[in-house]
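Q: Could you walk me through how to read a model of this kind, taking one feature at a time?

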Amino acid sequence: MTVRGGVSPTMTSDTDTLLAEDPITGEEIELPADVEVGEIIDSPVTGTELEVISLDPVVLEEAPELEEDWGE
Amino acid sequence: MQIGILYSRIRKDEKLLLNELRDRGHEVEKIDVRKERFGLESTTAAVDDLDIVVDRCLSTSRSLYATRFIDSYGVPVVNGPETGDVCADKAKNSLALAEADIPTPATEVAFTKEAAMEAIEGFGYPCVLKPVVGSWGRLMAKIDTRNAAEAILEHKETLGHYEHKVFYVQEFVDKPGRDVRALAVDGEPVAAMTRASDHWLTNAAKGGETEAFELDDRARELVERASDAVGGGMLGVDLMEVGVEPEADTGETGGEGSGEYTVHEVNHTVEFKALDSATDVDVPGRVVDWLEARAAAAADDDAADDGGEEVTA
């Protein structure tokens, strides 16, 4: 099941971060302002890997799990 | 320049690369291969105007197919599909190294567990069983006893994907608690590091501690030859330090600082964030230098081809 979370792209008072909703917990989390679509970030709440799906609005999904042919 | 990046995940490695490309004013076309279709004549991906495409697919299967299609459209792609084909498969990788007379661990491939057991017994214990496709040290088995060998082979034969029925058996190399990763572009080393661990697997992905490593002349020569052996490109060449001659009595193969190496693997979608952190080298900068040179060379080739056609006409 795909878990999604999203909010409108709101810059925090600290302009180096964006606000987004953690798709697992629903909590509001901060992302670096230079984050981009496709980027993988670690949830500061659960440590879960999250993928940035879009930036306007900011939508995060739980990142796909490791597959056997992933690597170098 | 317009540079395409094939990806399905933007990791720190890709972020370093993207930032360097954009800092230099290049236009970057991010191509998420999960969203595209690749036809025999064209693709939904916007590749037509690209000067070069860089394969950063995390998935080996996607990497191999996507680069093959991109190449078929006449768009320069690195690493090329031929290089990927050799590097993605450990058996082909070992064969390429051996055919180029590059020292590489003794290896046998078998297709049944009975034949694999014969290979294992032939090497003696310990020896190593690896999946032919895989990375980051996953599903690697150091086999210490016949009992362990029987159990692992049965599990692989019963549970595994068909590729797990290609049993890749290799001698165990008694390395000095570390191996060497060199990043090279068309055979020229960019940077190198050691990966050290108390565990027999020293991969950075397994938590191996990294430290900058100065390649000596022999290592540089092997990196260059290993790159050539698999078709060149941006590659991660993995070496282990071994003694020049094994001691006949003990089979010990020497180690750290011996000045001799065996090349166990060449990786075609090489990660470099650990190397960038472990060394003073501006790794993404050097990679982009190389990409610019490759794109310029491809453009020159195109211009020469066009000129040739005009003359012929």
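Q: What share of the contacts in chain A with a separation of 6 or more is accounted for by residues 24 or more positions apart?

A: This is a predicted model, and in its chain A, residues 24 or more positions apart account for 27% of the contacts with a separation of 6 or more. It helps to set that figure beside the burial of the chain, where 22% of the 72 residues count as buried.

Q: Which secondary structure does chain A have?

A: Chain A comes to zero helices and seven strands, so that reading along its sequence gives the pattern β-β-β-β-β-β-β.

Q: How should I read the confidence scores, and what is the mean pLDDT of chain B?

A: As a general caution, where pLDDT is low, the predicted coordinates should not be read in detail. For chain B the mean pLDDT is 92, with 94% of its residues reaching 70 or more, while the model as a whole scores ipTM 0.81 and pTM 0.90.

Q: How many residues of each chain are in contact between chain A and chain B?

A: Ten residues of chain A are in contact with 20 residues of chain B. On the side of chain A that touches chain B, the residues divide into six charged, two polar and two nonpolar.

Q: Into which domains is chain B divided?

A: The assignment gives domain 1 (1–78), domain 2 (106–171) and domain 3 (178–284) of chain B. Between domain 1 and domain 3 of chain B, the C-alpha centres lie 27 Å apart, and ten residues of domain 1 are in contact with eight residues of domain 3. Helix α1 (residues 12–23) of chain B gives the most to the domain 1 side of this contact, with five residues, and the residues of that side divide into four nonpolar, one polar and five charged.

Q: How are the strands of a sheet held in register, and what is the strand order of the open sheet in chain B?

A: In general, strands of a sheet pair through backbone hydrogen bonds, either parallel or antiparallel. The open sheet of chain B has five strands in the order β11-β10-β9-β12-β13, with antiparallel pairing. Its edge strands, each pairing on one side only, are β11 (209–212) and β13 (260–267) of chain B, and neighbouring strands are turned by 30 degrees against each other on average, direction ignored. Strand β10 (residues 188–196) of chain B pairs with β11(B) over four bridges in the antiparallel sense, and B:E209 in β11(B) is the bridge partner of B:A196.

Q: Which helix packs on this sheet?

A: Helix α7 (residues 217–230) of chain B packs on the sheet, where it touches β9 (178–185), β10, β12 (234–242) and β13 of chain B. The direction of helix α7 of chain B makes about 35 degrees with that of β13(B).

Key:
Residues numbered from 1 in each chain as written. Chains lettered and ligands numbered in written order. Predicted model: local features only at pLDDT ≥ 70, side-chain atom pairs only at ≥ 80, totals over all residues. Contact = placed C-beta atoms within 7 Å. Nonpolar A, V, L, I, M, F, W, Y, C, P; charged D, E, K, R; others polar. pLDDT = per-residue confidence, 0-100. Domains from an automatic or database assignment. Helix = DSSP H or I, 4+ residues; strand = E, 2+ residues; numbered from the N terminus. Pairing = 2+ DSSP bridges. Axes fitted to C-alpha atoms, helices over the stretch in contact; angles between N-to-C directions. Buried ≥ 20, exposed ≤ 12 C-beta atoms within 10 Å, placed from the backbone.
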